[in-house]
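Here is a friendly walk through one model, taking its charged contacts, unusual backbone angles, surface and pockets in turn. Please keep the structure open beside the text.

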Amino acid sequence: SVQALLALLELNDSDLWVLFHLLDDKKSAALDAEQFISGCMRLKGPARSIDLAQVSRKQNRLAEQLVHFMRFVTREITEMRKAQ
């Protein structure tokens, strides 16, 4: 059953959506057998410290970019309101 497979993989129901998005590298909202197998092979094994550090670094950079963008938008909106 699906529940038994999830238990074997040490996954819970909420992990399925995350797993699907990780495996759907074509962003097609569907997985074929090749995508599923190659994706599972990529995800096999524990995360290494360097993998986690890389993800953390990318996330921090994205957060910084978002803050800069939000400040830019706030300034632009303020200027547009002043011009009215």
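A search of the whole structure turns up two salt bridges, a salt bridge being a side-chain nitrogen of Lys or Arg within 4 Å of a carboxyl oxygen of Asp or Glu. Before looking at them, please note that this is a predicted model, in which local features need pLDDT of at least 70, side-chain atom pairs count only at pLDDT 80 or more, and totals for chains, interfaces and linings use all residues. Residues are numbered from 1 along each chain as its sequence is written, and side-chain values use heavy atoms, with hydrogens and water left out.

| Salt bridge | N to O distance |
|---|---|
| Lys26 and Asp32 | 3.9 Å |
| Glu79 and Lys82 | 3.9 Å |

How open to the surface are these residues? The terms used here are buried for under 20% relative accessible area, exposed for over 50%, and partly exposed in between (1.4 Å probe, protein chains only). Lys26 is exposed at 59%, while its partner Asp32 is partly exposed at 35%. In the other pair, Glu79 is partly exposed with a relative accessible area of 47%, and Lys82 is exposed at 61%. Glu79 and Lys82 are three residues apart in helix α4 (residues 49–83), so about one helical turn separates them. Helices here are DSSP runs (H or I, at least four residues), numbered from the N terminus.

Now for the backbone. Most residues other than glycine have a negative phi. Lys27, which is not a glycine, nevertheless has a positive phi of about 55°. This lysine sits in the loop between α2 and α3 and is exposed, with 67% relative accessibility. The loop between α2 and α3 also holds Ala29, whose phi is positive too, near 65°. Ala29 is exposed at 63% relative accessibility.

At the start of the chain, Ser1 belongs to the segment before α1 (2–8). Ser1 is exposed, with a relative accessibility of 75%. Between the C-alpha atoms of Ser1 and Arg61 there are 41 Å, with the two residues 60 apart along the chain.

On the surface, Leu31, Phe36, Ile37 and Met41 make a nonpolar patch of about 390 Å². Patches are built from residues with over 30% relative accessible area and no salt bridge, with nonpolar side chains (Val, Leu, Ile, Met, Phe, Trp, Tyr) joined within 5 Å and like charges within 9 Å. The areas come from the Shrake-Rupley method with a 1.4 Å probe, and for residues only the protein chains shown count as cover. Met41 lies in helix α3 and is exposed, with a relative accessible area of 55%.

Which residues line the largest pocket? They are Leu5, Leu9, Leu11, Asp15, Val18, Leu19, Leu22, Phe36, Cys40, Met41, Leu43 and Lys44. A pocket is an open set of points on a 1 Å grid over the protein atoms alone where a 1.4 Å probe fits, with protein on both sides within 12 Å along at least five of seven lines; lining residues have an atom within 4 Å of a point. Helices α2 (13–23) and α3 (33–43) each supply at least two residues of this lining. The largest pocket holds about 380 Å³ of space, a volume being the space filled by probe spheres set on the points, which are joined across faces, edges and corners. Its lining has 10 nonpolar, no polar and two charged residues. For these classes, Ala, Val, Leu, Ile, Met, Phe, Trp, Tyr, Cys and Pro count as nonpolar, Asp, Glu, Lys and Arg as charged, and the others, Gly among them, as polar.

The second largest pocket has a volume of about 300 Å³. Leu22, Arg42, Leu43, Lys44, Gly45, Pro46, Ala47 and Asp51 form its lining, which divides into four nonpolar, one polar and three charged residues.
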